[in-house]
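The following note sets out some remarks on the fold for a colleague's consideration. Please read the points beside the sequence and the coordinates.

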Amino acid sequence: MVNPDLVLITGDLTDGKSKDLLTMKQNEVEWVEYESTINDIIRISKLPRRIFYDLRGNHDCFGVPASGANYDFYQKYSINAKLRRQGRVQSITVENGGRKHLFVGFDSTMEIGLRGPTNLFGHPTDKQLIELDQALSQWDTGFDKVPVTKIAFGHFPLSFSALTESGKSIKDVFLKQSLAAYLCGHLHTRFGKNLKRYYHRAVQEPSLWEHYYQFNMHQGYAIQSNKENCSEEAVRTEEFWEWEMGDWRKSRSMRILAIDDGYVSYTDIDFRLGSKSIIILPTFPLDSRFMQRASASRDFECHIRGPSTFDTVRALVFSKHEIVSVSVKIYDSRPGTLEVVFDSEMKRVDSNETRGHMYLVPWNWRAFEDPSPSRFWLQIEVMDITGDTSISHLRPFSVNGLTARVNWTWKEFFVIGIQWASIYHPALWCALSLIFSLLLAPQVSAVVFKDQFTYKSLYTNGSERTLFKSLVGGFIWLFVELARVIPVWILLVVYTFYLVFLPWLFGHPITDDNLTYMTHRGWILKRPNSGNEVVHAGIPDVMVVVLPHLCFVLLPTIAILAAMAAERTAYREHYLSRSGKKKDDYYQKSRRQIEHENFWNGRWIRKFLCLLCLVVLWKHWKLCRALVKAYAMNPLLHSPVLFFFIPALMGFAIYKTSSI
């Protein structure tokens, strides 16, 4: 029905997981199914095989030792392999309407395909970035100066792409080339539907924090509407959009992308409710939230595109049946409700240059100039000969080229707004610094300030302190009491040093490979075809093991054991205060005093802390179980320290703090 020029499949062609989702390696049955499905699609649609481009995703290289090695079924069953498209960078040029449209796909999966979960990031190399830059600039020196629209596609979003060996980023190449868009996969629609991000080269040096996160889709973006910038010598805006595509597996999501006179637009289709008989893709004006670029403002101010670009509202319509009518409505949102200010029938353009049918209608675009990028909203309605109607989603537009700001949800920010590759090492050393501080600083305090951080001093001087000082003093006292339980404290310090300097676990990160080990610096592996050269593979991918263990197992363990030690001291003081009273000291107790004594005598705080121990042990067990399954390990032989130390330590600490 769509009859596209290109079909792009952006990775994760297969799942590569067992039914319990814990064992991750290649399954040839899945690849046979993939090949069969693609062959059926090509046969039914009658599209030429050469227009299909399928990239490899991280699921497609789980456990693959090297490209072309055993278990690399991508080289056997993928379309790219069958058409002998060699290399990790592929470029395609489509010419239409006096313009060139350049599509460049690249594969940044690991050279050594680790099993999951430590195979989560794209790992571009310096060589690959050079090839990518060359492919994107191949038409920049043409003598005919034909306009070129550049689009890149890959599997990993930039938030899950590591830096190269020399510290270079894919983002810098894309900004230099001023892409129209970068299309990617990897993430899933369950994380949100606004997995999009606008990048631009800042005039001033970006702050340190901008290397680690971006709070909203257009952070730091300001439009320069200055007509002095219309000269030919004006600096080109370095920018691009990143559009994550969602997933087909569960969300049944597909994207149709169109380029109209250099303007790139798209529509996403959800097939979970069945196939569509009508698909509508407005191509001009653009959605001011997700498709507008900063250069559009300069186009408007300087009339670079010419008036013919702005003179019509345009839309592509794909339909199974003959179209009877296509109409467009424009709403004004300024009155507080959507008020129709433009309503007109669109006419079909008879041309063989477009896929689908192009409909347009002239309009007085100057009447819609407005400083607000979301004042006017566009909607198109289509009816076919069977009486079925379809309405496009309402979308704001700005003929001025202004961009409407959109904020991510927290889930969207978490996966697309944080630069996870850059944040791993700062997060790792912050967590380790906090752990060592909680263990070492209280021990120093216990030695230097012997009588200051005790239960008696806090209790007797409590009325003389401010609330803030009481809270700080109480917090320090918790960990000082842990430092006084010497055997438990020593075990915690030794275990933390072990995690810094020694292997965390032993396993098989590659299918049918020899046993190797993982540290917080990655898996220790031999590089393929390089003799005995050893590499640390899986950086920053190992963060999915390292950070959860430090933050959700070790840190809570230290806090809970400190609270147990403090509870023992407080209970001892309460017990001694009651046992030291004479019989004639007793008097009629109030109800509140009785409840207070019952609370302490029942040691309810201790029981609650024991319950928290079970929660931490459950989290620890889940992590260990996943690692055992993922890397085919025997925990009794290959990683006893990681798997059994925390439960043993908790049991020992509970025993040590049980008596008074």
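1. Strand β12 pairs with strand β16 (residues 357–362) in the antiparallel sense, and six bridges join the two. Within this pairing, A315 is placed opposite Y359 of β16. The model under discussion is a predicted one.

2. A second antiparallel pairing, again over six bridges, links β12 to strand β11 (residues 278–284). Here I278 has S319 of β12 as its bridge partner.

3. How many residues of strand β12 are buried? Eight of the eight, across residues 312–319, so the strand is largely enclosed by the rest of the structure. The cut-off behind this reading is a relative accessible area under 20%.

4. Which residues of β12 cover each side? In a regular strand, side chains alternate between the two faces of the sheet. On one side of β12 lie T312, R314, L316 and F318, and on the other V313, A315, V317 and S319; all of these are buried, and both faces are thus covered. A315, the residue opposite Y359, and S319, the partner of I278, are both in the second of these groups.

5. A nonpolar patch on the surface is formed by V324, M383 and I385, whose accessible area together is about 260 Å². M383 belongs to strand β17 (residues 376–384). Its relative accessibility is 30%, so M383 counts as partly exposed.

6. The UniProt entry, which is unreviewed, places the feature "transmembrane region" at residues 426–449, 470–498, 542–566, 604–621 and 636–655. The model may be set beside two of these annotated segments. Residues 604–621 are 100% helix and 0% strand, with the end C-alpha atoms 26 Å apart. Residues 636–655 are 95% helix and 0% strand, and there the end C-alpha atoms are 24 Å apart. The annotation itself comes from the record, whereas the helix content is computed from the predicted model.

7. For the chain as a whole, the secondary structure amounts to 17 helices and 23 strands. Of its 660 residues, 50% count as buried. Among contacts with a separation of 6 or more, 74% are between residues 24 or more positions apart. The exposed area of the chain is about 33000 Å², of which carbon and sulfur atoms supply 56%.

How values were computed: Residues are numbered from 1 along each chain as its sequence is written. This is a predicted model: local features need pLDDT of at least 70, side-chain atom pairs count only at pLDDT 80 or more; totals for chains, interfaces and linings use all residues. Side-chain values use heavy atoms; hydrogens and water are left out. UniProt positions are given in the numbering used here, feature names are shortened, and annotations may be inferred rather than shown by experiment. Helices (H or I, at least four residues) and strands (E, at least two) are DSSP runs, numbered from the N terminus. Buried means under 20% relative accessible area, exposed over 50%, partly exposed in between (1.4 Å probe, protein chains only). Two strands pair if DSSP finds at least two bridges between them. Contact means heavy atoms within 4.5 Å. Accessible areas come from the Shrake-Rupley method with a 1.4 Å probe; for residues, only the protein chains shown count as cover. Patches are made of residues with over 30% relative accessible area and no salt bridge: like charges are joined within 9 Å, nonpolar side chains (Val, Leu, Ile, Met, Phe, Trp, Tyr) within 5 Å. A salt bridge is a side-chain nitrogen of Lys or Arg within 4 Å of a carboxyl oxygen of Asp or Glu.
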